[in-house]
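User: I'd like to go through this model with you and ask why each label is justified. Could you set the values against the criteria as we go?

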Amino acid sequence: SKRAMILGTGRAIPEKILTNADLEKMVDTTDAWIVERSGIRTRHIVEPGTPLSSLAAEAGRKALEDAGLAAKDVDLIILGTVTGDMKFPATACFVQTLLGAGNAAAFDLSAACSGFVYGLQLAQSLIQSGVHKHILVIGGEVLTSMVNWEDRNTCVLFGDGAGAVVLGPAREQRGILATDIGADGNFSGLLYNPGCGSLNPPTIENVQEKLHTMRMEGREVFRHAVLCMTRTMKKALKRAGLSIEDLDLVISHQANLRIIEALGKRLNLTEAQTYINVDRYGNTSAASIPIALDEARRNGQLKQGDLVGLVTFGAGFTWGSSIIRL
Ligand code: ACO
């Protein structure tokens with residue numbers, strides 16, 4: 001049995017930039033507050049009505065180009081998202097059509113910010129077992145479609161984007177060495193969007209009450225994010241038989257600079273081991289890690305043979321980690 005390795009990466013970032021100064025005109029906030037509490041300076045957002053599938057397909061196309069593979073070579077598309085084009089069908093099916101990946105099965109994976117890392121574990125095991133050969137794992141969100149633009153507690157934090165990797169059978173010592181994923185549904189009420197499903201269907205009343213937008217208890221989410229990411233990273237490292245010093249780079253979910261810093265302290269990470277782009281993109285949920293991974297590879301911060309640790313946390317709560325030799 002062969003483990004899976006990353007054959008290529010890609011990302012899609014909308015052109016339009018929303019600055020803290022723009023947000024100052026929309027809600028009662030300041031650039032200083034946003035920077036101090038979150039580290040975010042800008043986020044990229046789509047024009048309203050732009051479907052996630054267009055971003056996800058662009059990221060996927062670039063990852064395939066990078067891997068030197070044709071769309072027809074892909075036999076499975078897994079799209080981690082909570083902001084698909086429609087309730088159904090799965091947005092991964094739209095992506096399949098946009099790419100011309102006619103040989104691929106396709107589905108969406110709902111694990112909020114952890115969607116990409118969940119997808120990696122699943123894809124790794126499907127390749128290792130020989131069930132699939134080339135899997136496109138995408139994390140993508142149009143979070144601005146579910147933001148309450150009157151709620152300063154949340155609207156300053158999020159952005160749109162997509163990132164993708166193509167996985168295939170590993171060569172040499174490369175590949176996904178270990179993974180860990182977990183969940184605790186007892187905390188579902190701290191971060192959620194109540195009003196798009198069967199519990200609160202989008203009736204006029206529910207939409208007027210903004211039930212279709214996201215809710216978050218920021219402080220509690222912050223605390224659990226640091227705890228759970230520390231734990232899951234250590235678990236995956238142990239499974240790989242490695243320690244934190246072995247990692248060339250740790251890409252954690254880019255939700256908030258202070259969470260990234262607190263995690264760095266707990267794990268004893270050096271500055272050089274810590275990837276940060278939350279200042280430019282804000283929190284893009286399932287897209288944040290594959291966007292950062294693609295950036296780090298293309299800007300030379302990561303090269304073939306490097307060891308990278310991915311670690312995430314999101315609504316559910318869900319969390320996960322992955323240790324990869326590039
Ligand atoms: N501008 C100005 N003031 C604000 C703003 C804003 N945009 N938002 C909140 N405030 C106010 C609050 O109303 C509060 O005022 P009060 O004390 O009078 O009630 C005050 O600022 C402090 O609010 P706190 O919530 O205590 O501020 P905190 O330091 O915790 O920072 C933040 C808030 C940035 C949301 C932080 O808690 C956080 O980042 N939490 C994690 C959020 C997150 O990352 N969620 C997603 C993770 S998982 C995923 O990605 C889905």
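User: Why is strand β13 called largely enclosed by the rest of the structure?

Analyst: Happy to take that one, with the reminder that this is a predicted model. A residue counts as buried when 20 or more other C-beta atoms lie within 10 Å of its own. In β13 (residues 318–325), 8 of the 8 residues are buried, so the strand is largely enclosed by the rest of the structure.

User: What makes you say that both faces of β13 are covered?

Analyst: In a regular strand, side chains alternate between the two faces of the sheet. On one side of β13 sit Thr318, Gly320, Ser322 and Ile324, and on the other Trp319, Ser321, Ile323 and Arg325; all of them are buried.

User: How do you know which strands pair with β13?

Analyst: Pairing needs at least two bridges between two strands. Strand β8 (residues 175–183) is joined to β13 by 8 bridges, and β12 is also joined to β13 by 8 bridges. β8 and β13 run antiparallel, as do β12 and β13. Glycine 320 of β13 is a good place to look: its bridge partner is isoleucine 181, and threonine 312 stands opposite glycine 320 as well. In the hairpin of β12 and β13, with 3 residues between the strands, glycine 316 has a positive phi near 140 degrees.

User: Why is helix α11 called mostly covered?

Analyst: The same cut-off of 20 or more C-beta atoms within 10 Å applies. Of the 11 residues in α11 (residues 288–298), 10 are buried, including Ile289, Leu293, Asp294 and Arg297. After α11 comes glycine 300, with a positive phi near 85 degrees.

User: Why is the chain described as being as compact as a globular protein of its length?

Analyst: The secondary structure comes to 11 helices and 13 strands. The chain's radius of gyration is 18 Å, close to the 20 Å from the globule rule for 326 residues, so the chain is as compact as a globular protein of that length. Of those 326 residues, 53% count as buried.

User: What makes a residue part of the shell around the ligand, and which element gives the most?

Analyst: The C-beta atom has to lie within 6 Å of the ligand. There are 25 residues around the ligand, and Thr29, Gly218, Phe222, Ala255 and Asn256 come nearest. Elements giving two or more residues to the shell include α2 (31–38) and β12 (307–314), while α8 gives the most, with 5 residues. The shell divides into 14 nonpolar, 8 polar and 3 charged residues.

Technical notes. Residues are numbered from 1 along each chain as its sequence is written. This is a predicted model: local features need pLDDT of at least 70, side-chain atom pairs count only at pLDDT 80 or more; totals for chains, interfaces and linings use all residues. Helices (H or I, at least four residues) and strands (E, at least two) are DSSP runs, numbered from the N terminus. The radius of gyration is taken over C-alpha atoms; the globule rule is 2.2 Å times the number of residues to the power 0.38. A residue is buried if 20 or more other C-beta atoms lie within 10 Å of its own, exposed if 12 or fewer, and partly exposed in between; C-beta atoms are placed from the backbone. Ala, Val, Leu, Ile, Met, Phe, Trp, Tyr, Cys and Pro count as nonpolar, Asp, Glu, Lys and Arg as charged, and the others, Gly among them, as polar.
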